[in-house]
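Work through the exercises below with the sequence and the 3D structure at hand. Each task is followed by a stepwise solution.

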Amino acid sequence: MTNPHLNQTEETIIEMKNVSKNFMLPQGQVTVLENISFKAVEGEFVAIVGPSGAGKSTLLRLMNGLLAPSVGNVLYQGKEQHGINFESAMVFQNFGLLPWLTVAQNIELGLEARTKDAALKKEKVNRYITKVGLDGYEEAYPRELSGGMKQRVGLARALAIEPSLLLMDEPFSSLDVLTSINLRNELLDIWSDRDNVVNTMIMVTHIIEEAIELADRIIILSNRPGKVVGDIKIDLPRPRQKRDKRFIEYVDRIFSLLA
């Protein structure tokens, strides 16, 4: 499977320009990210890898607008971003579900600020419940779901707002190996489906093989303060085979940059 979304125009959807992020802690100011610059074009699947503490999650929150840069600019479709970007959506590592709400209610949550049309909300909830394979679990509560099903709810909630940009923070790290494999395949199916509004995805992961399996490009961050030490295009056909010689060469190359 080649990238079904990229075209000749390659319009930039989000750009980080010389972005740094500092936090004030009891021991003083700490720089988490330093002079980060890169862009993602519409239709790309970009992965961000780096060691623990490199600021990967902070970087996603800067893109989403949950955090503001201390220095530099975040541009969305060429315009400087101020505040939360409502054309993007986040999928969190820890699922982020409200335990007192059902599956359908958790998915509908993201739509509350966007429309009061009850029929439209119900239609979108049902559509994305089906898309992520949760039919029959509409009235279930998070405590009744497996980890994989909880992450499907989180994914459906993000997709239901039909964002132009989907941001994912280590979405498979809390899952068992088999569930992770299945969800990665399903994510690629969603990304490659031209009927979906979202066709640009940026995912944080600490697993090099996962990044190579999924992404068109991989941004590599150094240890804290996180700096871009590599920007690698993955020129492999999909589905990608981990035993392929070129796949292994990419693993070694990225590992050497991290080390």
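**Exercise 1.** How many bridges join strand β9 to β10, and do the two run parallel or antiparallel?

Solution. The model is predicted, so local features need pLDDT of at least 70 and side-chain atom pairs count only at pLDDT 80 or more, while totals for chains, interfaces and linings use all residues. Residues are numbered from 1 along each chain as its sequence is written, and side-chain values use heavy atoms, with hydrogens and water left out.

Step 1. Strands (E, at least two residues) and helices (H or I, at least four) are DSSP runs numbered from the N terminus. Two strands pair if DSSP finds at least two bridges between them.

Step 2. Strand β9 covers residues 217-221 and is joined to β10 by five bridges, in antiparallel fashion. Across this pairing, Ile218 stands opposite Ile232 and Arg217 stands opposite Lys233.

Step 3. The connection is a hairpin, with six residues between β9 and β10.

**Exercise 2.** Place β9 in its sheet and identify the edge strands.

Solution. Step 1. Strand β3 (residues 45-49) is joined to β9 by four bridges, and these two run parallel. Val49 of β3 stands opposite Ile220 in β9.

Step 2. The open sheet has six strands in the order β6-β7-β8-β3-β9-β10, with mixed pairing. Strands β6 (88-91) and β10 (228-233) stand at the edges with a single partner strand each, so one side of each lacks a neighbour in the sheet.

Step 3. Direction ignored, neighbouring strands are turned by 15° against each other on average; axes are lines fitted to C-alpha atoms, for helices over the stretch in contact, and angles run from 0 to 180 degrees between N-to-C directions.

Step 4. Helix α4 (residues 147-160) packs on this sheet and touches β6 and β7 (165-169), its direction making about 175° with that of β6. Contact here means heavy atoms within 4.5 Å.

**Exercise 3.** Are the two faces of β9 covered or open, and what surrounds Ile218?

Solution. Step 1. Buried means under 20% relative accessible area, exposed over 50%, and partly exposed in between (1.4 Å probe, protein chains only). Five of the five residues of β9 are buried.

Step 2. Arg217, Ile219 and Leu221 lie on one side, Ile218 and Ile220 on the other, and both faces are covered.

Step 3. Not counting residues up to four places away in sequence, Ile218 touches residues including Ala47, Val49, Ile212, Ile232 and Ile254.

Step 4. A nonpolar core is a set of buried Ala, Val, Leu, Ile, Met, Phe, Trp, Tyr and Cys residues joined through side-chain atoms within 4.5 Å. The largest has 52 residues, and Ile218 is among those with the most contacts inside it, together with Phe45, Leu166, Met201 and Ile212. Helix α4 supplies the largest share of this core, seven residues. A second, separate core of 26 residues includes Val30, Leu60, Tyr76 and Leu165.

**Exercise 4.** Is helix α1 largely enclosed or open?

Solution. Step 1. Helix α1 spans residues 56-64, and seven of its nine residues are buried, so the rest of the structure largely encloses it.

Step 2. The buried residues include Leu59, Leu60, Leu62 and Met63. Just after α1, Gly65 takes a positive phi of about 90°.
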